[in-house]
Amino acid sequence: MTAPLPHLPHHDGSPLHVSSSAPSLGERVALRLRVPTAFLESVGGLKAVAVRSTPDGEPAWDAARPLGTAGGWQWWQAEVTVHNPRHRYRWLLRTGAGEVLWLNQAGLERLEGRDVDDFALLAAPTSPDWLAASVMYQLVPDRFARSAAADARAAPDWAEPAAWHDPVDPVMPSRVQQFYGGDLDGVVEKLDHLEALGVDLLYLTPFFPAASNHRYDATTFEQVDPLLGGDEALARLTAAAHARGMRVIGDLTTNHTGDGHEWFRTARADPDSAEREFYLFDDDGADGERGPGYESWLGTPTLPKLDWSSAELRRRFIDGPDSVVGRWLRPPAALDGWRIDVASMTGRLREVDLNAEVRQILRRTMDRVAPGTALLAESTNDATEDLTGDAWHGAMTYVLVTRPLWAWLCAPDGVPHTTADGGTSSEPWFFGQPLGGIPSGTAADFAASVTRFSAGIPWRIRLGTMQPLNTHDTARFATHAAEGTVPVALGLMMTLPGVPMLFAGDEFGLTGADGELSRTPMPWGLEHRDPAAAERLALCRELVGLRRRHPVLAAGGMRWVHVDDDAVVFLRESAEESVLVLACSATTAIEVPWEALPGLDPAGDADDAVERLHGSVRLVSGSGSVHLSAEGPACGIWRLAGVPVPE
């Protein structure tokens, strides 16, 4: 562009720049733009600034006026009237040199940008105020902890019982049948550990009865699996968690059920039943040479796909207080929300797309039954098509941060691992991508990917989007991390916009070559036997605590300050405080103009104006700039003053 990165105009959806994050239709909202004085000097000042919106799809313009200058930045403000549930807008700048520039979430450009990348105001009920401020912890009930009560429960017929310290068997059918017997009372017994870790949002993978260890093939939604302790155990867990200030969300499969589900059994047995319309059968519904006679998830016969054109399915499953969705949000279970499995595929099949209808009914039910609960969507790829503000508070997606972070910070060693078919592969698993394993990327590629995939997501939804380093469906990042990069990755997870998420065992440094091998039973007490595990646990506690102590990391804006092939530097900003983050994969030395950092004075000493929060990165003031240097890989985090705003 026309100026270096620190000297670019800036706007985001945070309170510094937007007067209301959840306006009503017809409400006037103040929007503010910050322009560095160094940028103004480089372009001959600004002749005019305006906001372009597209009410009802047609461009409309609101002129901005200058508010004044503070901290080396000139501020402009425009007021817009929110016309549609998703009110898109962008900034237009006309420079003193006669140049026309556009600013939307993709960045500052001379060329006119795409509407899909515009900023957006959402005239819809706001996200739960607790969601963006949370640190999430995901656990698989079978693999987390086993209470004494589990010893009295007989293993089901489908299961292959395993002792807690037995290695995970990744080969089918053991892959889905190996049974360790963890239960929900075991989770209750480990809440001290989770509280000390600092997490405050527990995400349980499915807890309904099923015919597998992962339980994504539910046989009913009417009860908690007795193997986990039943309904009473879930109520004990949510009550105990709530007493500690924690929340609990469940995992629901709206795309499919198991083939042993009571609805599916009835549908197959009685073609005239109401349940028959819940599924997508072929004309005769009979098994044949071409398949099982019904649609299923990715052709997996044990996971028949639901047909959301059925009004009765909607009534039973998602619509109203007595539906499956509503029932488990009410006491005594009192869940705090749902993560919807395969949300991106729900209601979609070839020419049919009922996804928006399903998610909107889900949201409506949750808002009526239990206001303030969270609704999150699994979308393993680009989720922007569905993150419109009409339903999802956020997503579980890998393209926004996780995959580009792996590409930057991983260094696979080619150690072979066992695959589901019993063979071996030395090609590292990379989110199901064939032919090539983990791609190689730079810090600049990482920053570009974060910008690209966040550009189409409204700011409020981005803050509620899950930000995992790895999950139960992936390999563990630590398996392939380049030496010294795990602290860098964890630092980024805890400081970037979004809900940071740990998968159970990350705090002990567990590894795993794919989504099954990563589901290792928790090695309780490992920190007392392994210094490396103790060090990792201490690091996680430190970074989780940092995240929760600084509200700007939950709700503050974000601004890139420096990007190169080895390092990124960015700020999370609010009027009350700012947090500066440097993450690098190699030894680095960076100079940042003093005016790019809030609260610094070129005549003063930067060391006296900042508070080190984490890391050993050096920060010293120099002539007209601040110097950041580190022997990488490294992550440094500092607290700075809040952003000054003109009176």
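Biologist: Which residue stands opposite Leu-619?
Modeller: Leu-628, in strand 30. Strands are DSSP runs of E with at least two residues, helices are runs of H or I with at least four, and both are numbered from the N terminus. This is a predicted model, in which local features need pLDDT of at least 70, side-chain atom pairs count only at pLDDT 80 or more, and totals for chains, interfaces and linings use all residues. Residues are numbered from 1 along each chain as its sequence is written, and side-chain values use heavy atoms, with hydrogens and water left out.

Biologist: Why are strand 29 and strand 30 (residues 625-630) called a pair?
Modeller: Pairing takes at least two DSSP bridges. Four bridges join strand 29 to strand 30, so they pair. They run antiparallel.

Biologist: What makes strand 27 and strand 29 edge strands?
Modeller: The open sheet has three strands in the order 27-30-29. Strand 27 (588-593) and strand 29 (618-621) each pair on one side only.

Biologist: How do you know whether the chain is compact or extended?
Modeller: Take the radius of gyration over C-alpha atoms and set it against 2.2 Å times the number of residues to the power 0.38. For 647 residues, that rule puts a compact globule near 26 Å. The chain has 26 Å, so it agrees. Its C-alpha atoms fill a box of roughly 75 × 60 × 50 Å along the principal axes. Of the residues, 59% count as buried, meaning under 20% relative accessible area with a 1.4 Å probe, protein chains only.

Biologist: What makes a space a cavity, and what makes it a pocket?
Modeller: On a 1 Å grid over the protein atoms alone, a 1.4 Å probe fits in a cavity but cannot get out; a pocket is an open set with protein on both sides within 12 Å along at least five of seven lines. Six cavities reach 30 Å³ or more. The largest cavity holds about 80 Å³, and the largest pocket about 1200 Å³.

Biologist: Which residues lie closest to the centre of the largest pocket?
Modeller: Trp-297, Leu-298, Leu-303, Asp-473 and Arg-519, of 43 that line it. Lining residues have an atom within 4 Å of a point. Helix 3 (residues 174-177) gives the most, with three residues.

Biologist: Which element gives the largest share of the second largest pocket's lining?
Modeller: Helix 12, with eight residues. That pocket holds about 930 Å³. Its lining has 38 residues, and Gln-105, Ala-106, Gly-107, Thr-451 and Trp-560 are the closest to its centre.

How values were computed. Points joined across faces, edges and corners; volume = space filled by probe spheres on them. Buried < 20%, exposed > 50% of the residue type's maximum accessible area, 1.4 Å probe, protein only.
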